[in-house]
Amino acid sequence: MTPQDITKLIVRTSMKDRAAFDLLYRQTSAKLFGVCLRVLNDRGDAEDALQEVFVKIWTKADRFAVSDLSPISWLVAIARNHAIDRIRARRKPAADIDAALDVADPAPGPEALVVAGGESERIHHCLDELEKERAAAVRGAYLKGESYAELAERHGVPLNTMRTWLRRSLLKLRECLER
């Protein structure tokens with residue numbers, strides 16, 4: 001089929017000639033399907049896109065400008081653009097910049113930092129009120145993550161004694177912090 005024949009079919013399709021549209025489909029669908037398949041890389045998507053492309057051709061045939069250019073270029077452009085639009089539609093939309101205002105910063109704010117700094121000072125002051133060995137055991141267990149067994153070995157006391165030291169030290173810390 002010559003380019004002039006395809007041009008005539010497009011013009012007749014613009015006048016809603018179903019027979020011309022059927023012939024146009026039979027003559028160009030393989031090429032347009034190839035274009036859709038190449039862009040989409042999925043046979044099912046390409047088949048759906050081809051159907052939508054021919055719906056566009058049916059509704060937009062009156063926009064075709066007869067010229068010396070190849071009419072198949074116009075059809076390929078419709079198919080290619082439609083396939084690209086399908087790819088773009090699959091993507092998640094970019095978040096609106098205003099949505100970023102609703103994202104909470106996990107870091108503490110200035111007020112929380114000041115409060116935490118004050119609490120830290122109070123805890124260190126209360127730790128200083130404990131006996132030196134017991135304060136070191138509390139720091140080792142709760143600030144450095146050392147096990148009770150490691151602390152007992154380092155301080156040269158039985159494991160149950162270390163547990164008692166830590167429990168009594170935590171009670172004294174609580175009393176100090178409640179003052």
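Are C126 and C176 buried or exposed? Let's find out, and take a look at a helix pair along the way.

## The cysteines

This is a predicted model, and its cysteines make a good place to start. To settle the opening question, C126 is buried, and C176 is buried as well. These two residues form a disulfide, with their sulfur atoms 1.9 Å apart. A disulfide is a covalent bond between the sulfur atoms of two cysteines. The count for this model comes to one disulfide.

Where do the partners sit? C126 belongs to helix α5 (residues 110–129) and C176 to helix α8 (residues 159–178), so their bond ties together parts that are 50 residues apart in sequence. The link of C126 and C176 is left-handed, with -80 degrees about the S-S bond.

Another cysteine worth finding is C36. With a relative accessible area of 0%, C36 is buried, because buried means under 20% relative accessible area.

## Where α1 meets α4

Now turn to helix α1 (residues 3–14) and helix α4 (residues 71–90). Their axes come within 8 Å and cross at roughly 60 degrees. The two helices, α1 and α4, are therefore oblique to each other.

Which residues make this contact? From α1 come P3, I6, T7 and I10, and they meet P71, W74 and L75 in α4. Sorted by character, the residues of the contact of α1 with α4 are six nonpolar, one polar and no charged.

Methods: Residues are numbered from 1 along each chain as its sequence is written. This is a predicted model: local features need pLDDT of at least 70, side-chain atom pairs count only at pLDDT 80 or more; totals for chains, interfaces and linings use all residues. Side-chain values use heavy atoms; hydrogens and water are left out. Axes are lines fitted to C-alpha atoms, for helices over the stretch in contact, and angles run from 0 to 180 degrees between N-to-C directions. Helices (H or I, at least four residues) and strands (E, at least two) are DSSP runs, numbered from the N terminus. Angles under 35 degrees count as roughly parallel, over 145 as roughly antiparallel, 65 to 115 as roughly perpendicular and the rest as oblique. Contact means heavy atoms within 4.5 Å. Ala, Val, Leu, Ile, Met, Phe, Trp, Tyr, Cys and Pro count as nonpolar, Asp, Glu, Lys and Arg as charged, and the others, Gly among them, as polar. A disulfide is a pair of cysteine sulfur atoms within 2.5 Å. Buried means under 20% relative accessible area, exposed over 50%, partly exposed in between (1.4 Å probe, protein chains only).
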